[in-house]
Amino acid sequence: MTERVALVTGANRGLGAEIAKQLRSRGLRVVATSREPREGFETLDVTRADHAAAIAGKLAGTGLDVVVHNAGVSLDGFDADVARRTLDTNLFGPMRLHDALLPLVRAGGRIVMVSSGMGSISSVRSPLRERILDPGLDRAALVEIFESFVRGVGDGSYGKQGWPSNAYSVSKIGLNALVRVLARELATDARRILVNAENPGWVRTRMGGRSAPRSVEDGARTAVWLALLPEGGPTGGFFRDESAIPW
Ligand code: NAP
């Protein structure tokens, strides 16, 4: 049997490091990636299209079975620059990287997005909420909706549009919407690739802080479970503790 290969973003610490460790312990070869050059890691800043292209080129002969989009930021403050940088890392980064890596993903591949409970659509007001949840939403409409958040933070209209005052939350709402769009895009792909989002809960990492109730082991478990789903498993869903949860 050929060795299964997984790529994990932001694998140098926190949940990404633990997801990489658990995947290795399940027998996968892990391509651990990190934003900064580090020994033992492939350099991959998810905001850099040239990095995505370079890693795709490097792995073209190897192929991939699992991609875990874990890298993320929660920045201080709330202004147009924070909104743009947050969405670029947490939403548009995974989108670009997915597109660069998809040609390498083998039949039976699994794509996992590490999302958040803060990505709950409940913080978005109608009718924007219905636009995001529209089962016909496509990639172009998704990009336009989430770019309008960044513009809205810049000109002060974001609240009127129905957005919450939290760029991290909006970025993860976007990531969840992306999972649904990708699942639809992949529905006709003969490789039977499954794509899902994980809510790890509040986890003790640099981002989560010391008072978070969950360990990295607990936070990583559902991402690993989604990475190893059997054939015929769910796709286009949002999971916490190996159970489906609402958007
Ligand atoms: P963390 O310890 O702060 O780790 C974040 C990781 O993302 C680091 O490896 C960081 O790299 C990397 N990263 C940030 N920007 C990047 C970029 N542009 N390109 C590549 N890597 C980048 O936080 P964590 O808790 O493990 O977070 C992992 C994921 O879990 C994130 O998506 C986060 O939103 C999500 N999450 C966490 C919690 C929680 O309670 N901890 C809850 C819900 C969701 P550097 O070391 O170079 O900064």
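Helices, named α and numbered from the N terminus, are DSSP runs of type H or I that span at least four residues. The structure described here is a predicted model, and the helix α7, which covers residues 167-186, recurs throughout the description that follows.

A search of the whole structure for enclosed spaces of 30 Å³ or more finds one cavity. The volume of this largest cavity is about 40 Å³. Its lining consists of Gly119, Ile121, Ile132, Leu133, Ile173, Asn176, Ala177, Arg180 and Trp247. Two elements, α4 (128-133) and α7 (167-186), each give two or more residues to this lining. The largest share is that of α7, which provides four residues. When the lining of the largest cavity is sorted by class, six residues are nonpolar, two are polar and one is charged.

The largest pocket, in turn, has a volume of about 970 Å³. This pocket is lined by 40 residues, of which Asn70, Ala71, Gly72, Val73 and Met207 are the closest to its centre. At least two lining residues are supplied by each of α1 (14-25), α3 (80-101) and α7. Here the largest share comes from α3, with four residues. The classes represented in the lining of the largest pocket are 13 nonpolar, 16 polar and eleven charged residues.

The model also includes a ligand, which is surrounded by 28 residues. The closest of these are Arg35, Asn70, Tyr168, Val203 and Thr205. Asn70 is thus named among the residues closest to the ligand and among those closest to the centre of the largest pocket. Several pairs of polar atoms link the protein with the ligand. In the case of Thr205, an N or O atom of the side chain lies 2.6 Å from an oxygen atom of the ligand. For Leu15, the atom concerned is a backbone N or O, and an oxygen atom of the ligand lies 2.8 Å from it. A polar backbone atom of Val46 is found 2.9 Å from a nitrogen atom of the ligand.

Attention may now turn to individual residues of the helices. Ser171 belongs to helix α7. Its relative accessible area is 0%, and Ser171 is therefore classed as buried, since the class applies to values under 20%. When neighbours within four places in sequence are left aside, the contacts of Ser171 are with Thr86, Leu87, Asn90 and Leu91.

Leu186 is also located in helix α7. With a relative accessibility of 6%, Leu186 likewise counts as buried. Apart from residues up to four places away in sequence, Leu186 touches His98, Leu102, Ile193 and Val195. The C-alpha atom of Leu186 is separated by 9.7 Å from that of Gly236, although these two residues are 50 residues apart along the chain.

One of the residues touched by Leu186 is His98, which is found in helix α3. The relative accessibility of His98 is 3%, so this residue counts as buried. Beyond its neighbours within four places in sequence, His98 is in contact with His69, Ile111, Arg139, Leu182 and Leu186.

The backbone shows particular features in three loops. In the loop between β5 (105-114) and α4 lies Pro127. The peptide bond that leads from Ser126 to Pro127 is cis, and its omega is near 0 degrees.

A second feature concerns Arg192, which has its place in the loop between α7 and β6 (194-198). Phi of Arg192 is near 55 degrees, which is a positive value in a residue other than glycine. The relative accessible area of Arg192 is 43%, and the residue is therefore partly exposed, as this class lies between the limits of 20% and 50%.

The third feature is found at Glu242, in the loop between β7 (238-240) and β8 (243-244). Glu242 is not a glycine, yet its phi is positive, at about 60 degrees. Because its relative accessibility is 37%, Glu242 also counts as partly exposed.

Conventions. Residues are numbered from 1 along each chain as its sequence is written. This is a predicted model: local features need pLDDT of at least 70, side-chain atom pairs count only at pLDDT 80 or more; totals for chains, interfaces and linings use all residues. Side-chain values use heavy atoms; hydrogens and water are left out. On a 1 Å grid over the protein atoms alone, a cavity is a set of points where a 1.4 Å probe fits but cannot get out, and a pocket is an open set with protein on both sides within 12 Å along at least five of seven lines; lining residues have an atom within 4 Å of a point. Grid points are joined across faces, edges and corners, and a volume is the space filled by probe spheres set on the points. Ala, Val, Leu, Ile, Met, Phe, Trp, Tyr, Cys and Pro count as nonpolar, Asp, Glu, Lys and Arg as charged, and the others, Gly among them, as polar. Buried means under 20% relative accessible area, exposed over 50%, partly exposed in between (1.4 Å probe, protein chains only). Contact means heavy atoms within 4.5 Å. A residue is near a molecule or strand if one of its heavy atoms lies within 4 Å of it. A polar contact is a pair of N or O atoms within 3.5 Å; within protein, one must be able to donate a hydrogen and the other to accept it, and residues adjacent in sequence count only if both atoms are side-chain atoms.
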